[in-house]
Amino acid sequence: MPLTPLTSDKLYRIAALNGLSDACKSTKYLTPLDEIVGQERAQHAVEFAMSIKEKGYNIYAIGRNGLGKRTMVMRYLNRHEPNGNSHTLYDWCYVSNFGDTRCPKVLKLPAGEGCSFKKDIENLMKRLVKAFPLAFDNELYYSRAEKLKAELTSKQEATLKSLTQSAEERGISVSITNQGDYQLVAMNGKEPHTEASFAALSADEQLAFENTINALEAELRGIVRKLTEWEEQYSEKQQKLDENIAQEVVGHCIKDLQVKYKKVADVKAYLADMYADILDHIDIFLEENEEQVALAYASLDKKMPRRYQVNVLVHQSDECKFPIEVEESPSYHSIFGYIENATYKGTVFTDFSLIRAGSLHRANGGVLMMDAVKVLERPYVWDGLKRALRAQKLNLSSLEREVTLSGTISLEPEAIPLNVKIILFGDYQTYQLLQHYDPEFKELFRVTADFEDDMPRNDTSEEHYARFIASIVHDNDMLHCDRKAIARIIEYSSRQADDQNKLSLHSADIANLLRETNYVARASNATMIRSSHVEQAMLNQELRVSRLKDHVMQSFVTGTTLLDVDSQAVGQVNALSVIATSDYQFGAPSRITATTAYGSGEVFDIERSAELGGNIHSKGVMILSAYLASVFGKTAKIPLTTHLTFEQSYGGVDGDSASMAEVCAIISAFSGLPLRQDIAITGSMNQFGETQPIGGVNQKIEGFFDVCGIKGRTSGQGVIIPESNVHNLMLRKDIVEAVEKGEFTIWAINHVSQAIEIFTGNAVGVEAEQGFYPSNTVFGVVQSKLNALRR
């Protein structure tokens with residue numbers, strides 16, 4: 001039976017919008033969609049991961065950029081409060097560890113109380129800074145201190161006076177300096193002995209003086225020890241007095257805080273430690289030690305001693321919303337936090353108040369979302385992330401110390417318990433690499449959210465897609481789309497999906513098209529987006545990226561690229577290929593030629609020999625060789641060697657979509673029957689000659705149609721495609737109209753023999769029982785020529 005060409009209704013599927021009511025005239029009447037359409041599988045995966053609290057149930061979201069992965073996750077998390085399942089959020093603060101300042105302590109406070117606690121401590125310090133000087137600068141304190149001093153002085157004076165009187169009675173003068181030095185001098189009446197007068201004394205008198213002085217010296221040394229003991233006792237009493245006053249001041253000021261935070265164990269313990277430390281460092285508040293005060297106040301806030309500052313690392317909002325952090329630039333410091341250094345009077349120092357939070361700190365208790373490739377690109381980030389997830393702790397270590405292996409002094413803050421869900425966004429290749437090369441990846445990222453590239457197209461999905469369009473219009477404050485514009489955008493989505501029966505879920509493409517359409521509509525002072533605006537925006541898009549297509553098409557205009565579209569030729573066929581750039585692809589026909597010579601039946605692939613053919617193309621040539629051998633070489637070798645090539649191909653060829661075209665060229669070369677040049681063909685085949693689907697069918701047909709327009713149209717021009725590609729057809733409007741008018745033809749075949757019949761106008765022939773084909777058929781002609789060569 002003759003093959004029937006495709007009718008125009010098979011070439012393009014119009015969006016009838018049967019799912020929308022007739023009253024819906026534009027997106028104004030549609031309820032915006034608050035979820036990502038068509039990603040139920042991925043959404044179930046996210047729901048499962050978020051509801052399970054065990055370690056390791058983090059998420060790897062797989063899909064191309066622009067599928068709305070992050071948008072879907074964000075919308076789900078904002079719509080479903082995952083914090084409702086008894087997970088409590090906290091504020092985290094770092095404070096000084098008074099026992100070891102290198103190891104700052106972490107405080108866990110109820111959500112929202114971190115900043116108020118910091119303010120309470122600041123107010124306490126302000127009160128103490130004012131209260132301490134007042135407590136030590138008043139008459140009561142002075143009188144008590146003077147009384148202690150007077151008691152010491154009177155005891156000292158009485159003891160020294162007693163010694164002096166005893167010495168005078170024995171003729172010895174005693175003098176003691178303020179520095180503690182003493183001098184004992186023998187007296188001659190009321191005057192001290194001179195050397196001459198002392199020498200004039202008898203030996204017994206001199207010895208008596210010496211013995212008396214020695215005895216007084218021993219007695220004086222005992223008195224000095226007593227004086228020292230009394231000084232120490234005085235100092236202890238003075239210190240006790242100061243402590244008592246300090247305890248009264250601190251106790252009075254801090255008691256309200258102790259009552260307020262008595263139920264917060266960490267704060268209660270910290271206040272007790274701080275109370276004791278303040279008593280040991282009263283001089284900071286009295287400014288008695290200038291150097292210590294200078295260091296203590298080396299901050300922007302001169303009223304607040306650094307020692308007692310509270311560094312609020314994480315503060316939850318008053319609404320205690322579920323933390324959702326998106327890390328756009330995942331470096332080691334931005335994720336895990338870091339410790340700053342400060343310079344004061346030429347000295348570099350650091351302390352707990354210079355600890356800064358990372359995104360993991362802020363996301364603790366919630367979700368942290370990052371791009372997988374960016375995480376893997378930055379040094380030490382992936383290892384640090386795995387370490388934190390394994391230990392479920394946030395250790396704030398210095399990256400510089402780990403990298404340089406130096407012994408630089410740094411802080412070792414207490415670790416913070418970590419409870420977070422990590423969501424990595426990436427492509428399938430990255431996912432495979434991680435699974436293959438990192439054994440820990442499977443344990444830490446047990447949930448895969450696999451995002452679809454497309455969805456089935458039916459009345460229900462078209463209605464959902466229309467609401468999705470309405471949500472983009474609403475979110476971006478665009479002009480509303482009328483019904484025809486909605487239909488045209490849905491048809492564009494099917495074209496992007498390369499399938500009449502599917503809709504593309506690449507939401508970024510649709511959003512970009514809507515933005516540009518909105519621009520076109522506003523530029524023309526329209527009050528609503530119409531289908532003409534959509535068409536213009538699509539034309540504008542193509543114009544910006546189609547420079548290479550215009551250059552290739554110009555080569556057909558000038559004749560630089562050789563191609564016939566209205567004659568017949570032996571061993572020559574027009575094949576279709578797709579040329580792709582990073583953001584655009586288009587079709588262009590190319591000539592395939594086959595020549596034969598007496599030989600051993602080998603098909604010689606020139607592209608492969610010249611290293612211009614890819615592996616897939618070479619496989620296609622081997623498959624067609626097997627098909628030819630199965631048809632013509634069952635009983636004897638094919639006595640011809642065939643040379644096969646793409647003419648004027650200089651940039652490499654790959655893919656097997658030219659397999660059928662190559663078979664047609666070879667059969668023509670074998671038989672000597674000419675092939676129609678006004679027809680182009682695309683399609684792959686198997687060893688049995690059955691057609692297989694190929695990609696880019698729309699672009700290929702359009703490319704040949706455009707070249708026919710350049711070379712001159714005839715009514716017989718057309719394209720042959722595999723039947724399995726019919727559902728992929730979403731062709732341009734001008735091609736659909738040409739087919740409808742009979743000016744262009746598209747055939748859909750399921751076997752390569754049908755293509756041969758179309759090209760030659762002759763029947764291929766059915767193999768008889770004896771293995772021969774009828775002589776008036778294409779295969780019969782080939783067989784008779786081969787048999788003649790064999791003889």
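Here is a short walk through the structure above, from the whole chain to a few chosen residues.

The structure is a predicted model, in which local features need pLDDT of at least 70, side-chain atom pairs count only at pLDDT 80 or more, and totals for chains, interfaces and linings use all residues. Residues are numbered from 1 along each chain as its sequence is written, and side-chain values use heavy atoms, with hydrogens and water left out.

Let's begin with the overall picture. The protein has 28 helices and 30 strands; these are DSSP runs numbered from the N terminus, with at least four residues for a helix (H or I) and at least two for a strand (E). Of its 791 residues, 47% count as buried, where buried means under 20% relative accessible area, exposed over 50%, and partly exposed in between (1.4 Å probe, protein chains only). Contact means heavy atoms within 4.5 Å. Among contacts between residues at least 6 apart in sequence, 77% join residues at least 24 apart.

Now zoom in on Val-367, which lies in strand E13 (residues 367-371). Val-367 has a relative accessible area of 0%, so it is buried. Its C-alpha atom is separated by 4.7 Å from that of Lys-421, although the two residues are 54 residues apart along the chain. Leaving aside neighbours within four places in sequence, the contacts of Val-367 include Met-50, Phe-322 and Lys-421.

Next, follow strand E21 (residues 572-580), which pairs with strand E22 (residues 585-598) in the antiparallel sense over 9 bridges. Two strands pair if DSSP finds at least two bridges between them. A hairpin of 4 residues joins E21 to E22, and Val-573 stands opposite Ile-592 in E22. E21 also pairs with strand E26 (residues 679-681), in the parallel sense over 2 bridges; here Asn-574 stands opposite Ala-680.

Our last stop comes from a record: an unreviewed UniProt entry annotates Ser-657 and Lys-700 as "active site". They span 44 residues in sequence, yet their C-alpha atoms are no more than 10.7 Å apart, so they gather at one spot. UniProt positions are given in the numbering used here, feature names are shortened, and annotations may be inferred rather than shown by experiment.

Ser-657 sits in the loop between strand E24 (640-646) and helix H24 (659-671), and counts as buried at 16% relative accessibility. Lys-700 belongs to helix H25 (residues 697-711) and is buried too, with a relative accessible area of 3%. Leaving aside neighbours within four places in sequence, Ser-657 is in contact with residues including Leu-576, Thr-682 and Lys-700.
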